[in-house]
Amino acid sequence: MRLSKRTEVFTDSVIRRMTRVSDEYEAVNLSQGFPDFAPPKEMTDRLAQVAAEGPHQYALTWGAQNFREALAKKQEHFSGMKVDPETEIVVTCGSTEAMMAAMMSVCNPGDKVVVFSPFYENYGADAILSGADPIYVPLKPPAFTFDANELEEAMKQPGVKAMILCNPSNPCGRVFTREELSVIADLAIRYDVFVITDEVYEHILYKPYEHVYMATLPGMRERTIMCNSLSKTYSITGWRLGYVIACPEVIDRVKKVHDFLTVGAAAPLMEAAVVGLQFGDSYYEWLQDKYTHMRELFTGGLENIGLSFTKPQGAYYVLVDIREFGYVDDEEFCVDLAKEVGVGAVPGSSFFREDVNHLIRLHFAKQDQTLTEALDRLSGIWKLRK
Ligand SMILES: Cc1ncc(COP(=O)(O)O)c(C=O)c1O
């Protein structure tokens with residue numbers, strides 16, 4: 001069969017592969033990052049009402065009016081940015097579509113995009129489908145900081161159109177400081193580069209870390225294309241609601257790309273999500289407390305077991321150092337972990353461009369009993385030592 005060359009290089013998603021391995025061995029699956037607890041009741045109650053009342057037909061292609069208005073208010077509340085719901089927002093099917101639409105809107109085949117490594121695996125596919133060539137700049141473990149000179153070397157290469165920035169970061173849990181973001185912003189301005197941000201973990205942060213929106217830095221409003229989502233903030237990864245916020249010129253193009261990619265996000269789900277967008281500060285404080293509790297429970301357990309790992313500043317992943325176990329292949333380690341210990345993890349090498357094989361990723365967006373069961377099983381991890 002003569003299938004497309006462009007998609008020939010796609011591999012099976014490692015995360016979803018590890019989910020299948022977990023299922024095969026009935027492991028507690030801490031590989032694919034989604035919560036196993038319910039979304040806010042106000043949202044599911046509203047969804048039940050909407051099921052009876054509608055809307056059930058296409059919404060406006062770039063998103064229902066009341067959703068965009070509620071989103072613009074929320075964005076202004078948290079970032080101080082004034083966002084015009086008519087000209088500066090497109091509602092998408094998750095941040096996944098938002099990123100793809102952003103990349104398709106700015107990149108020509110052969111353009112280059114700068115990406116920090118380790119990176120969330122979809123960025124590779126976004127680059128391939130939009131025809132852009134990634135240039136990777138390492139975030140150096142264990143602190144996952146970057147070297148400003150290395151970043152500048154990448155940004156100044158001919159043909160660099162955009163940089164992709166995941167903040168807070170999956171998988172390394174970094175929350176970039178204002179100073180770090182300023183370094184990126186200065187380079188973006190100097191070399192005329194867009195910054196496409198993935199900010200899906202904006203509300204999943206641990207004190208004292210704070211989220212700084214790239215678009216609020218001087219000179220960055222018109223060159224930041226913010227991709228974001230309700231998936232993580234409201235524990236609704238299956239609702240597939242995301243959005244792009246950018247200046248009108250960019251949004252005008254994103255609207256068209258989005259129209260042809262998916263027409264629109266699901267109308268009843270947008271309607272039900274509006275109540276979430278209107279939650280007061282107490283919801284976000286509650287969310288932060290909930291995730292802080294999960295992080296402490298999980299990382300405390302890992303410490304008791306005697307494992308070394310990175311404690312995240314944001315998002316809900318830990319990278320565990322497996323050097324002591326004597327494996328050369330982190331994927332083989334993850335298969336053995338599922339099979340012999342009963343816990344599903346993702347091999348760290350799937351996030352890194354560099355040759356890094358000594359880390360595995362576990363996530364902790366789970367109920368106490370799931371985390372306790374996982375920790376119980378992980379206490380048997382030392383039997384994997386070679
Ligand atoms: C960094 C990052 N971006 C995007 C997504 C996907 O977001 P969405 O559900 O909005 O498509 C994920 C999901 O794990 C993620 O970790």
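**Exercise 1. Decide how enclosed helix α9 is, and find what it packs against.**

Solution. Eight of the eleven residues of α9 are buried, so this helix is largely enclosed by the rest of the structure. Buried here means that 20 or more other C-beta atoms lie within 10 Å of the residue's own, exposed means 12 or fewer, and partly exposed lies in between, with C-beta atoms placed from the backbone. Helices are DSSP runs of H or I with at least four residues, strands are runs of E with at least two, and both are numbered from the N terminus. The structure is a predicted model, in which local features need pLDDT of at least 70 and side-chain atom pairs count only at pLDDT 80 or more, while totals for chains, interfaces and linings use all residues. Residues are numbered from 1 along each chain as its sequence is written.

Step 1: list the buried positions of α9, which are P268, L269, M270, E271, A272, A273, G276 and L277.
Step 2: find the partners. The buried residues of α9 pack against α2 (41–53), α3 and β2, where contact means C-beta atoms, placed from the backbone, within 7 Å.

**Exercise 2. Check the length of helix α3 and describe its surroundings.**

Solution.
Step 1: compute the expected span, which is 1.5 Å times one less than the number of residues. For the 15 residues of α3 (residues 65–79) this gives 21 Å, and the end C-alpha atoms are 21 Å apart, so the two agree.
Step 2: list the buried residues of α3: F67, R68, A70, L71, A72 and Q75.
Step 3: identify the cover. The elements over these buried residues include β2 (89–92), β8 (242–245) and α9 (267–277).
Step 4: look just past the helix, where G80 takes a positive phi of about 80°.

**Exercise 3. Divide the chain into domains and describe the contact between them.**

Solution.
Step 1: take the bounds, which come from an automatic or database domain assignment. Domain 1 is 14–32 + 282–384 and domain 2 is 41–278.
Step 2: take the centres over C-alpha atoms; those of domain 1 and domain 2 are separated by 26 Å.
Step 3: count the contact residues, 22 from domain 1 and 21 from domain 2.
Step 4: assign the domain 1 side to elements. At least two residues each come from α1 (14–24), α10 (281–305) and β10 (317–321). The most, six residues, come from α10.
Step 5: sort that side of domain 1 by class, which gives twelve nonpolar, six polar and four charged residues. In this scheme Ala, Val, Leu, Ile, Met, Phe, Trp, Tyr, Cys and Pro are nonpolar, Asp, Glu, Lys and Arg are charged, and the others, Gly among them, are polar.

**Exercise 4. Locate the largest nonpolar core and examine one of its members.**

Solution.
Step 1: apply the criterion: a nonpolar core is a set of buried Ala, Val, Leu, Ile, Met, Phe, Trp, Tyr and Cys residues joined through C-beta atoms within 7 Å. The largest has 123 residues, and A102, M163, V195 and V244 have the most contacts inside it.
Step 2: find the main contributor, which is α4 with eight residues.
Step 3: relate the core to the domains; at least three of its residues come from each of domain 1 and domain 2.
Step 4: follow V195. Leaving out residues up to four places away in sequence, V195 touches A162, M163, L165, I184, A188, M214, M220, R223 and T224.

**Exercise 5. Describe the shell around the ligand.**

Solution.
Step 1: a residue counts as near if its C-beta atom, placed from the backbone, lies within 6 Å of the molecule or strand in question. There are 13 residues around the ligand, and G94, S95, T96, S229 and S231 come nearest.
Step 2: helix α4 (residues 94–106) supplies the largest share of the shell, three residues.
Step 3: by class, the shell has three nonpolar, nine polar and one charged residues.

**Exercise 6. Pick out unusual backbone geometry.**

Solution.
Step 1: recall the norm. Most residues other than glycine have a negative phi, and most peptide bonds are trans.
Step 2: list cis bonds. The bond from S117 to P118 is cis, with omega near 15°, and P118 sits in the loop between β3 (112–117) and α5 (122–130). The bond from N167 to P168 is also cis, with omega near -10°; P168 lies in the loop between β5 (160–166) and α7 (178–190).
Step 3: list positive phi values. F144, not a glycine, has a phi of about 60° and is buried, with 20 other C-beta atoms within 10 Å. R240, not a glycine, has a positive phi of about 60° and counts as partly exposed, with 19 C-beta neighbours inside 10 Å.

Conventions
Contact = placed C-beta atoms within 7 Å.
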